[in-house]
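Biologist: I have a structure open here and would like to go through it with you. Can we start with one of the helices?

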Amino acid sequence: MTVIDQVYQDDNAQVPAGHPRILALANQKGGVGKTTTAINLGTALAAIGERVLIVDLDPQGNASTGLGIDRRNRSCSTYDVLVGEASLRESVVATAVPRLHIAPSTMDLSGLELELGTTPGRAFRLRDAIAALNNNVSPDNDYTYVLIDCPPSLNLLTVNAMAASDAILVPLQCEFFALEGLSQLLSTVEQVRSTLNPNLSIHGIVLTMFDSRNNLSNQVVADVRQFMGAKVYKTMIPRNVRISEAPSYGKPVLVYDLKCVGSEAYLKLATEVIQRERELRAS
Ligand SMILES: Nc1ncnc2c1ncn2[C@@H]1O[C@H](COP(=O)(O)OP(=O)(O)O)[C@@H](O)[C@H]1O
Ligand SMILES: [Mg+2]
């Protein structure tokens, strides 16, 4: 029995209307660009005028660190939210980027699965927390996007993210085993759709760490585009040293070096995400 089957034995209430767009950055593989994309897509969306909350759901806390959130500012974290000791609003801290906030994480999160055990509704903790996020706030203080940075595994945390999301955004590294990992992820999404969250869709696949001089990179792009068609965003994120340097300064790459190709790519990705949102809403 998978973790999804186990939690499906629980209730499956409806999500109230009028909530932000909720996108999970998910891929069970580590090091593919989930956190980098959460930080920089979040920053780019905020730069365009969206009000963005990043939910750090990885015990490693890389999104929190990469956005310069000091450990001392994590006294209320996503762990406290998921165990029911704080609201999501209470955990939020502002970042140096206007309109970009984060619910930070700490290592405590790694114990969540054991702690919640077989508690009914444990897969819906995050969904319910996000549902209350925009309650009783003025319209110019509500969030328009929630981006969930998932850990690199299919555990209760990732299941919470998928149960809470409207759609999944999959960062896919341009490397040899990319397609293999992708089929595994797609079948997980299918499983979540048939049990915990019938509305879950794939927003898109973003190819990361693309290197045009590398034949393998080009071959992977061709294969993924053939296999996934229009689900693959036109924008590809190039391998760019500025992107990898930025987190050690606690800054998104758009703040660290706005003019570099990495920043340009994330801005393009943000406009493509918004465009896709418009099309989804229209249809
Ligand atoms: N486009 C890129 N160019 C260069 N380095 C990158 C790029 N995207 C991510 N990285 C680096 O690769 C590593 C893994 O990325 P990360 O976003 O943390 O992956 P994940 O969250 O999926 O584990 C990090 O050190 C990050 O700085
Ligand atoms: Mg990560």
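Modeller: Start where H8 begins: a side-chain oxygen of Asn155 comes within 3.0 Å of the backbone nitrogen of Leu157. Keep in mind that this is a predicted model.

Biologist: Is H8 mostly covered or exposed?

Modeller: H8 is mostly covered, with nine of its nine residues buried. Among them are Leu156, Val159, Met162 and Ala164, and also the polar residues Thr158 and Asn160.

Biologist: Which helix gives the most to the largest nonpolar core?

Modeller: That core has 53 residues. Helix H8, residues 156-164, gives the most to it, with seven residues. In soluble globular proteins, nonpolar side chains tend to be buried together.

Biologist: Which residues have the most contacts inside that core?

Modeller: Ile148 and Ile168 have the most contacts inside it.

Biologist: And what does Ile148 touch?

Modeller: Leaving out residues up to four places away in sequence, Ile148 touches Ile22, Leu23, Ala24 and Leu25, then Val55 and Leu57, then Leu126 and Ile130, and finally Ala161, Ala164 and Ser165. Of these, Ala161 and Ala164 are buried residues of H8. Apart from the largest core lies another one, of 35 residues, including Val52, Val93 and Ala265.

Biologist: Switching to charges. How many salt bridges does the structure hold?

Modeller: The structure holds 11 salt bridges. One of them joins the side chains of Asp166 and Arg21, at 3.8 Å from N to O.

Biologist: Why does the pair of Asp166 and Arg21 tie together parts far along the chain?

Modeller: Asp166 is in the loop between H8 and strand S6 (167-173), while Arg21 is in strand S1 (residues 21-25), so the pair ties together parts that are 145 residues apart in sequence.

Biologist: Are those two buried or exposed?

Modeller: Asp166 and Arg21 are buried. They also belong to a network of salt bridges that includes Glu277.

Biologist: Which residue does Asp257 pair with?

Modeller: Asp257 meets Arg242 in a salt bridge, 2.9 Å from N to O. Asp257 sits in the loop between helix H12 (253-256) and helix H13 (261-282), and Arg242 in helix H11 (residues 241-245), 15 residues apart. Asp257 counts as buried, at 19% relative accessibility, whereas Arg242 is partly exposed at 27%.

Biologist: What about Asp128 and Arg127?

Modeller: Asp128 forms a salt bridge with Arg127, and their closest N and O atoms are 3.3 Å apart. Asp128 is partly exposed, with a relative accessible area of 45%, while Arg127 is buried, at 6%.

Biologist: Which side chain of opposite charge is nearest to Asp58?

Modeller: That is Lys34, but at 6.7 Å. The cut-off for a salt bridge is 4 Å, so a separation of that kind does not count as one. Asp58 is buried all the same.

Biologist: What does its side chain reach, then?

Modeller: A polar atom of the Asp58 side chain lies 2.9 Å from the backbone nitrogen of Gln60. Asp58 is in the loop between strand S2 (52-56) and helix H3 (62-66). Setting aside neighbours within four places in sequence, Asp58 is in contact with Ser105, Leu109, Asp149, Cys150, Pro151 and Pro152.

Biologist: On to the ligand. Which residues come nearest to ligand 1?

Modeller: Of the 14 residues around ligand 1, the nearest are Gly31, Lys34, Thr35, Thr36 and Pro238. An oxygen atom of ligand 1 is 2.7 Å from a backbone N or O atom of Gly31. A polar side-chain atom of Thr36 lies 2.5 Å from an oxygen atom of the ligand. At Pro238, a polar backbone atom is 2.8 Å from a nitrogen atom of ligand 1.

Biologist: Last topic, the backbone. What is phi of Arg99?

Modeller: Phi of Arg99 is near 70°, a positive value in a residue other than glycine. Most residues other than glycine have a negative phi. Arg99 is in the loop between strand S3 (93-94) and strand S4 (100-103), and is partly exposed at 38% relative accessible area.

Biologist: And where is Asn136?

Modeller: Asn136 is in the loop between helix H7 (125-131) and strand S5 (145-149). Its phi is near 55°, a positive value too. Asn136 is exposed, with a relative accessible area of 83%.

Note on methods: Residues numbered from 1 in each chain as written. Chains lettered and ligands numbered in written order. Predicted model: local features only at pLDDT ≥ 70, side-chain atom pairs only at ≥ 80, totals over all residues. Heavy atoms only, no water. Helix = DSSP H or I, 4+ residues; strand = E, 2+ residues; numbered from the N terminus. Buried < 20%, exposed > 50% of the residue type's maximum accessible area, 1.4 Å probe, protein only. Lys, Arg positive; Asp, Glu negative; His and termini not counted. Polar contact = N/O pair within 3.5 Å; in protein donor to acceptor, adjacent residues only side chain to side chain. Contact = heavy atoms within 4.5 Å. Core = buried A, V, L, I, M, F, W, Y, C linked by side-chain atoms within 4.5 Å. Near = heavy atom within 4 Å.
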